[in-house]
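Good morning, and thank you for coming. I should like to present one structure to the group and to consider some of its side chains in turn.

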Amino acid sequence: MTQWPLVLPVFIPLLTATACAFSFRSHKLSSVISWAGALANLCVALLLIQRVISQGLLVTAFGDWQAPFGIVFVADLLSASMVLITAIIGVAIVLYSTTDLRSKPFYAIYHSFIHVLLAGVMGSFLTGDIFNLYVFFEVMLITSFGLMVINANRQQVDGAVKYVVLNLISTMVFLLAIGLLYGATGTLNMADLNAKVALLPETTMMLIAGLFLFGFAIKASAFPVFSWLPASYHHLPSAIVALYAALLTKVGVYALIRVFTVVFDLVDSGYQPLLIIIAGLTMLTGVLGAASQFNIKRILSFHIISQIGYMLMGLAIYTPLAITGAIFYIIHHIIVKANLFLIGGFLQRRQGSDNLRELGGAYQSMPWLALLFLIPAFSLAGFPPLSGFWGKFLVIKASLQTDAYLLAATALFVSLMTIYSMTKIWAEAFWKPLPDNAAAPIALTRLENCLYIVPIVALAVITILIGLLAEPVYQLAETSAINLLNPERYINAVLGNMPEPGQISVLAAGESQP
């Protein structure tokens, strides 16, 4: 029987995208359709995570072709959580886009592409086989490239070319890895691969795992294959870059976590020492790059890279606590990073620039925006009790428990440098007086201000709630980590060797596998 909450997170955005494309002549109609689709998807995401919490792992096989032969969607606690956080970001971006993109000639097409991108992201989180993970990656690549080149100037096209070239390399490596994996095992279903990969010769397994690691590292913007991100993001409209910053690299991190727990064991693959080095260098290069910038979007783009390092750090340490920290950090970072780009976009709209040398006086004219900036900025830097503190605390604690002292020291240093970058934005954009040669702030209507501010306030509130009510998020992340490191329930549910529905439940935090 089809589990509709598993299918709708992909179907609704595709349906919304189609409706927006057909309503391109009316900005108002396309806005209403986009809002309705985003809100409907949020409701479905809430239903999905409620079902997973109450019933356990959900599986649906399309066309009644059961795994490992058919296409399956799977929702465990991790994927359902990622779908929910994606839906929240979708609502925020759609609302913000209503005013940020309204002057664009292809306004409705922007909304159409945004929803196709959301479908690709959610499909990546829900798919149960690696080939369809590749398919949804391609959906994201095509639509993200389309969003880059709509109404593009020369700088945007230049950034888009760099973006698509490196991501095409990732795609080719990913596809090569899929072909080799299928040739060696005869299956691409992740649950089925768990047992079959273990039977492969060590050299074959290491070759295939290495290809997956390289392909996903490009998607995640990890060291040394991160150059596409700062080269392409800073010229995009603020709503679009916030969407990219929140979701695209996190899909790469999610794929690494899923594949190197359920399919390959990271320790057995032989790549754990390498991933530890990559995590540390990703943190360092990202934060040092940010420290040298004076453009808000470029600063925040480099900080995406540095924060990816914390997530990879959790996977690389490969203990339940470390992966718990990585999952917690992903949830936190999606919200915080999107919000920082939205705030930067609002500043750019009001003052005509996001170059810190041309900004100033925002604290005097908009003290409420200064406060809203401090919430995600302090969270990104790891100030307690905001959400970023708990994610960093967990991965650093896990590194100390495993004697990875250099990695822990690197993470602490990067946090200090993050404070420096956030302080620089505060001092230049908010605290110093507006330069004499700067343009006068642009007056916005009450409706425009509302459409800009509501998503910023909502995401700031979520950041505070995650920090103050960290226990439920920690329990969710810990349960997800335990299930990833002990994937028997996932495998049994997908392959049909599952107990009766009444016997399926999500593991409570700390509960051991049978």
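A residue is called buried when its relative accessible area is under 20%, exposed when it is over 50%, and partly exposed in between. Please keep these limits in mind, and also that what you see is a predicted model.

Let us apply the limits to Phe 214, a residue of helix H8, which spans residues 202-220. Its relative accessible area is 35%, so Phe 214 is partly exposed. Phe 214 also belongs to a nonpolar patch on the surface. Its partners in that patch are Val 149, Val 157, Val 161, Val 165, Leu 168, Ile 169 and Met 172. Together, the residues of the patch have about 630 Å² of accessible area. Which helix gives the most to this nonpolar patch? It is helix H6, residues 154-185, with 6 residues.

Helix H6 also brings us to the salt bridges, of which the model has 5. I shall discuss three pairs, beginning with Lys 162 and Asp 158, whose side chains meet at 3.3 Å, N to O. Both residues are in helix H6, and because they are 4 residues apart, about one helical turn separates them. Lys 162 is partly exposed, with a relative accessible area of 39%. Asp 158 is likewise in the partly exposed class, at 41%.

The second pair is Arg 349 and Glu 448, and here the closest N and O atoms are 3.3 Å apart. Arg 349 lies in helix H14 (residues 320-351) and Glu 448 in helix H19 (residues 446-468), so this salt bridge ties together parts that are 99 residues apart in sequence. Arg 349 is partly exposed at 26% relative accessibility, and Glu 448 is partly exposed at 22%.

The third pair joins Asp 76 to Arg 258, with a distance of 2.8 Å from N to O. Asp 76 sits in the loop between strand S2 (72-75) and helix H3 (77-100), while Arg 258 belongs to helix H10 (residues 238-263), so the pair links parts 182 residues apart in sequence. Are these two side chains buried or exposed? Asp 76 has a relative accessibility of 9% and therefore counts as buried. Arg 258 is buried as well, at 4%.

Next, I turn to Gln 272, which is placed in helix H12, residues 272-291. With a relative accessibility of 19%, Gln 272 counts as buried, because the limit for that class is under 20%. Which residues does Gln 272 contact, leaving aside its neighbours within four places in sequence? They are Leu 266, Val 267, Ala 316, Ile 317 and Tyr 318.

Finally, I come to the cysteines. How many disulfides are counted in this model? The count is 0. Consider Cys 20, for which the closest cysteine sulfur is that of Cys 43, at 17 Å. A disulfide requires the two sulfur atoms to be within 2.5 Å, so the sulfur of Cys 20 is too far from that of Cys 43 for a bond. Looking from the other side, the closest cysteine sulfur to Cys 43 is in Cys 20. Their surroundings may be stated in the terms with which we began. Cys 20 is buried, with a relative accessible area of 0%, whereas Cys 43 is exposed, with 52%.

That concludes my presentation, and I thank you for your attention.

Definitions and conventions:
Residues are numbered from 1 along each chain as its sequence is written. This is a predicted model: local features need pLDDT of at least 70, side-chain atom pairs count only at pLDDT 80 or more; totals for chains, interfaces and linings use all residues. Side-chain values use heavy atoms; hydrogens and water are left out. Patches are made of residues with over 30% relative accessible area and no salt bridge: like charges are joined within 9 Å, nonpolar side chains (Val, Leu, Ile, Met, Phe, Trp, Tyr) within 5 Å. Accessible areas come from the Shrake-Rupley method with a 1.4 Å probe; for residues, only the protein chains shown count as cover. A salt bridge is a side-chain nitrogen of Lys or Arg within 4 Å of a carboxyl oxygen of Asp or Glu. Helices (H or I, at least four residues) and strands (E, at least two) are DSSP runs, numbered from the N terminus. Buried means under 20% relative accessible area, exposed over 50%, partly exposed in between (1.4 Å probe, protein chains only). Contact means heavy atoms within 4.5 Å.
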